[in-house]
Amino acid sequence: MALTKTTDLGMITISNDLITSLLFEAENLPEVSGKLWISNGKGRVMGVMAQLSGREKNTLFQTRITRDDRIVLSFSVVTQFGASIKEVTKAAADHIAARLTEFTDQKVDSITVYIVGVRSRHTARRNVKAVYTYD
């Protein structure tokens, strides 16, 4: 769902494509690459952003704006077996928070990362949540 905010200048909308591209950008960070993959809530790894339909992009994340105009974002991932969930999810969340603030000039309140699977030979379903709050 696109973020929309009404100001005295009019309606401001942050595109789903921007948020989706930030998710995939974070997936390719050196400290995250090969250890974390963006997925839908059921654990299906999404692959390449260009191949996603509009409907698939909308299922990758949930967003809202708090009363004090801060962004709340949540998304799902699959992690590599043996990778530190805390390290890879924090690196991805911190990068996304910084880039969202850079692009929108709005502060991020929190990012919730749902770890829905762990990949080794096969993907094992998990139900773990990591929440990162920002000042």
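**Exercise 1. Strand 3 and its partner**

Task: In this predicted model, determine which way the side chains of L36, W37, I38 and S39 point from strand 3, and whether they are buried or exposed.

Solution: Begin with the direction of the side chains along strand 3, which covers residues 36-39: L36 and I38 point one way, while W37 and S39 point the other way. Next consider accessibility, where buried means under 20% relative accessible area; all four of these residues are buried. Then look at the neighbouring element in the pairing: strand 3 is joined to strand 5 by four bridges, and the two strands run antiparallel. As a last step, follow S39 across to strand 5, where its bridge partner is S76.

**Exercise 2. A salt bridge between two helices**

Task: Find which residue forms a salt bridge with E25, and state where in the chain the two partners lie.

Solution: A search of the whole structure finds four salt bridges, and in one of them E25 pairs with R99, with the closest N and O atoms 2.8 Å apart. Placing the partners in their elements, we find E25 in helix 1 (residues 16-27) and R99 in helix 3 (residues 85-104), so that the pair, 74 residues apart, links distant parts of the chain. For the surroundings of E25, its relative accessible area is 28%, and E25 is therefore partly exposed. Finally, E25 and R99 do not stand by themselves, since a network of salt bridges links E25, R99 and E102.

**Exercise 3. A strand and a loop**

Task: Work out how many residues separate D109 and R70, and decide for each of them whether the side chain is buried or partly exposed.

Solution: D109 and R70 form a salt bridge in which the closest N and O atoms are 3.4 Å apart. D109 belongs to strand 6 (residues 108-119), whereas R70 lies in the loop between strand 4 (61-65) and strand 5 (71-80), and the separation of 39 residues shows a pair that links distant parts of the chain. Now compare each value with the 20% cut-off: D109, at 26% relative accessibility, counts as partly exposed, while R70, at 13%, counts as buried.

**Exercise 4. A salt bridge within helix 3**

Task: Explain why K90 and D94 are separated by about one helical turn.

Solution: First identify the contact, a salt bridge in which the side chains of K90 and D94 meet at 3.1 Å, N to O. Both residues lie in helix 3, and because they are four residues apart there, about one helical turn separates them. To finish, check accessibility: K90, at 34%, counts as partly exposed, and D94, at 29%, also counts as partly exposed.

Note on methods. Residues are numbered from 1 along each chain as its sequence is written. This is a predicted model: local features need pLDDT of at least 70, side-chain atom pairs count only at pLDDT 80 or more; totals for chains, interfaces and linings use all residues. Side-chain values use heavy atoms; hydrogens and water are left out. Buried means under 20% relative accessible area, exposed over 50%, partly exposed in between (1.4 Å probe, protein chains only). Two strands pair if DSSP finds at least two bridges between them.
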